[in-house]
Amino acid sequence: MLGLPDDIRAFLFDLDGVLTQTAKVHAAAWKDTFDAFLRSEADRTGGQFVPFDAVTDYDAYVDGRPRLDGTREFLHSRGIDLPEGTDADPPNARTVHGISLAKNDTVLRMIREQGVEPYDGSVAYVRRLRALGLPRAVVSSSANCRDVLRAAGIDDLFDVIVDGIVARREGLPGKPAPDTYLHAARTLGVEPAHAAVFEDALAGVASGRAGGFGAVVGVDRTGQAAELRHHGATVVVEDLSELLGEQP
Ligand SMILES: O=P(O)(O)OC[C@H]1O[C@@H](O)[C@H](O)[C@@H](O)[C@@H]1O
């Protein structure tokens, strides 16, 4: 079915980096936020400032994960243990919530200034699915998912949205756990073995593998095909238009 095995009947898409060109905006916002924090830590402790790497640190610790998990994972990688704090913390408070709030302010400002572009190949693929009457979901860790879909003009293309807000409400652990994808498949009434996951993040393809999905499509926007395969992609494309090209 559309470049995938014939028994695939439902299609579950990550947002940032798969449907919209926002993975690089998130990476830039994380770099801004963590570098400001790391600089102030270096000043405070007299230690060395080692900046956040927007490619390697982003891929390993932040990409695809819920916001608070990304903050915790990266800080943990640097041996930094901060108090959790709460949603009421001011942005940049020296807590997991404070850093996460600062990052959200930054990403929202960047999105407001730059706008949101979808990937044309992804939009064409999803439109073809819709024309064929095949079920489609967005499964994103982002709490800003609905706003980003709307800004990209593609919020009407999906039957189900499982985003960071739904995950929190339902108590679903975030990617790389499979739960958000499994929730979407269940809502669409399709067994995981008959559903495909589309992901650009290492944590995301790992969710697809952990959930036993019938296909895990790694979308390689940054030259990390081997890592995507290693973490669970069963097929890797650079753009979803390649899957349409495979049609007779
Ligand atoms: O901060 P948000 O918008 O809730 O998004 C959480 C995460 O959503 C994921 O889609 C991105 O890959 C991450 O970079 C981001 O941190």
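Which residue in E5 is the bridge partner of Val197? The partner is Val216. Keep that pair in mind, and note that the model is a predicted one. The pair belongs to the contact between two strands, E4 and E5, which run parallel and share four bridges.

Now step back to the whole sheet. Six strands make up an open sheet, and their order is E3-E2-E1-E4-E5-E6. The pairing is parallel. Two strands sit at the edges: E3, residues 160–162, and E6, residues 235–237. Each of these edge strands pairs on one side only. Neighbouring strands of the sheet are turned by 20° against each other on average, with direction ignored. What holds strands together in general? Strands of a sheet pair through backbone hydrogen bonds, either parallel or antiparallel.

Walk across the sheet from the E3 edge. E2 covers residues 136–139, and three bridges join E2 to E3 in parallel. Here Ala137 of the chain stands opposite Val160 in E3. Next comes the pairing of E1 with E2, again parallel, with three bridges. Ala137 in E2 turns up once more, as the residue opposite Leu12. Then E1 pairs with E4 in the parallel sense over four bridges. In that pairing, Ala10 stands opposite Ala195 in E4.

Look at how the strands face their surroundings. In a regular strand the side chains alternate between the two faces of the sheet. Strand E1, residues 10–13, has Ala10 and Leu12 on one side. Phe11 and Phe13 are on the other side of E1. All four are buried, and both faces of E1 are covered. E5 tells a similar story: five of its five residues are buried. Ala215, Val217 and Val219 point one way from E5, while Val216 and Gly218 point the other way. One cover lies over this part of the sheet. Helix H9, residues 202–210, lies across E4 (195–199) and E5 (215–219). H9 runs at about 165° to E4.

The next level up is the domain. The protein chain is divided into domain 1, which spans 10–22 + 116–245, and domain 2, which spans 24–114. Their centres, taken over C-alpha atoms, are separated by 24 Å. Where they meet, 16 residues of domain 1 are in contact with 11 residues of domain 2. Helices H7 (164–170) and H9 each supply at least two residues of the side of domain 1 that touches domain 2. H9 gives the most to that side, with three residues. By type, the residues of this side divide into seven nonpolar, seven polar and two charged.

Both domains also take part in the ligand site. The shell around the ligand draws at least three residues from each of domain 1 and domain 2. In total, 18 residues surround the ligand. The closest are Asp16, His26, Arg67, Ser142 and Ala143. Helix H1 (23–45) and helix H3 (67–77) each supply at least two residues of the shell. The shell divides into six nonpolar, nine polar and three charged residues.

Take a closer look at one of the closest residues, Ser142. Where does Ser142 lie? Ser142 is in the loop between E2 and helix H6, residues 145–152. Is Ser142 buried or exposed? Ser142 counts as buried because it has 25 C-beta neighbours inside 10 Å, and the cut-off for buried is 20 or more. Leaving aside neighbours within four places in sequence, Ser142 is in contact with Leu15, Asp16, Val148, Asp163 and Gly164. Ser142 and Ile165 are 23 residues apart in sequence, and their C-alpha atoms are 7.7 Å apart in space.

Finish with two backbone details. Most residues other than glycine have a negative phi, and most peptide bonds are trans. Asn92 has a positive phi of about 75°, although it is not a glycine. Asn92 is in the loop between H3 and helix H4, residues 96–114. With 16 C-beta neighbours inside 10 Å, Asn92 counts as partly exposed. The second detail is a peptide bond. The bond from Lys175 to Pro176 is cis, with omega near 15°. Pro176 lies in the loop between H7 and helix H8, residues 179–188.

How values were computed: Residues are numbered from 1 along each chain as its sequence is written. This is a predicted model: local features need pLDDT of at least 70, side-chain atom pairs count only at pLDDT 80 or more; totals for chains, interfaces and linings use all residues. Two strands pair if DSSP finds at least two bridges between them. Axes are lines fitted to C-alpha atoms, for helices over the stretch in contact, and angles run from 0 to 180 degrees between N-to-C directions. Two residues are in contact if their C-beta atoms, placed from the backbone, lie within 7 Å. A residue is near a molecule or strand if its C-beta atom, placed from the backbone, lies within 6 Å of it. Ala, Val, Leu, Ile, Met, Phe, Trp, Tyr, Cys and Pro count as nonpolar, Asp, Glu, Lys and Arg as charged, and the others, Gly among them, as polar. Domain bounds come from an automatic or database domain assignment. A residue is buried if 20 or more other C-beta atoms lie within 10 Å of its own, exposed if 12 or fewer, and partly exposed in between; C-beta atoms are placed from the backbone.
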